[in-house]
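Student: Could you take me through one part of this protein up close? I'd like one connected explanation, please.

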Amino acid sequence: MEWFYDLLFKNGVAHAIAILGLTIAVGKLLGRVKIAGISFGVTWILFVGLLLSHWGLRIDSTTLKFMQEFGLILFIFSIGLQVGPGFFSSFKSGGVTLNMLASLVVLLGVGITVILYFTTGLPITTMVGILSGAVTNTPGMGAAQQAYSEMTGNSAPDIAMGYAVAYPLGVVGIILSII
């Protein structure tokens, strides 16, 4: 049984894969649960990750950075495969209007973020994370982390923290607005 304890609580690649696998598996199982016909789907993976992190299950920073980059690449690639084929044909059936509305949402979000930055005094890195989470923009969060890292040579955990705090409310807001 000592190997199982080492797998969960000692750093290493096997530990990282076990923690990530556990997070994904439990998140996917919880994502199947529907309450009043509504399911959070894969969003549960984020919630489970937050919970496991709260309980002290951590991954060493080198492996975590690789997995973040690799996961973001896979995520953006899969979205491109899903949306790409119908992108240009959507312009024939109201796609221009929808793209203009999406641009307006982004501009309003940036405007509100700037106002909140000056009124609350929170660090800009936290505000960028909150903006990305509130509009459920994972690629935006990844781009912000990369840009900050290239500009300063440091990582900014505030971006991911702001994202993680705002993302659940962003998902609930989108579901409620659709209903």
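**A close look at helix 4 and its neighbours**

Tutor: Let's start with a pair of charged side chains: E69 and K65 form a salt bridge, and their closest N and O atoms are 3.6 Å apart. Keep in mind that this is a predicted model. Why do these two line up? They sit four residues apart in helix 4, so about one helical turn separates them. To count as a salt bridge, the side-chain nitrogen has to be within 4 Å of a carboxyl oxygen, and by this rule the count comes to one salt bridge.

Now stay with helix 4, which runs over 61-87, and look for its nonpolar side chains. On the surface you'll find a nonpolar patch formed by F75, I76, I79, V83, F87, F88, F91, V96 and M100. Together these residues have about 830 Å² of accessible area. Helix 4 gives the patch its largest share, five residues. Helix 5 joins in too: helix 4 and helix 5 each supply at least two residues. One patch member you can find in helix 5 is V96.

That takes us along to helix 5, residues 95-120, and its partner helix 6, residues 124-134. The axes of these two helices come within 10 Å and cross at roughly 145 degrees, and the crossing is right-handed. Who touches whom? From helix 5 come G109, V110, T113, L116, Y117 and T120, and they meet I124, M127 and L131 of helix 6. Sort the residues of this contact by type and you get six nonpolar, three polar and no charged.

Finally, zoom out. The protein has eight helices and zero strands, so to speak a run of α-α-α-α-α-α-α-α when you read along the sequence. Its C-alpha trace spans about 60 × 40 × 30 Å along the principal axes.

Definitions and conventions. Residues are numbered from 1 along each chain as its sequence is written. This is a predicted model: local features need pLDDT of at least 70, side-chain atom pairs count only at pLDDT 80 or more; totals for chains, interfaces and linings use all residues. Side-chain values use heavy atoms; hydrogens and water are left out. Axes are lines fitted to C-alpha atoms, for helices over the stretch in contact, and angles run from 0 to 180 degrees between N-to-C directions. A crossing is left-handed if the near helix is turned anticlockwise from the far one by less than a right angle, and right-handed if clockwise. Contact means heavy atoms within 4.5 Å. Ala, Val, Leu, Ile, Met, Phe, Trp, Tyr, Cys and Pro count as nonpolar, Asp, Glu, Lys and Arg as charged, and the others, Gly among them, as polar. Patches are made of residues with over 30% relative accessible area and no salt bridge: like charges are joined within 9 Å, nonpolar side chains (Val, Leu, Ile, Met, Phe, Trp, Tyr) within 5 Å. Accessible areas come from the Shrake-Rupley method with a 1.4 Å probe; for residues, only the protein chains shown count as cover.
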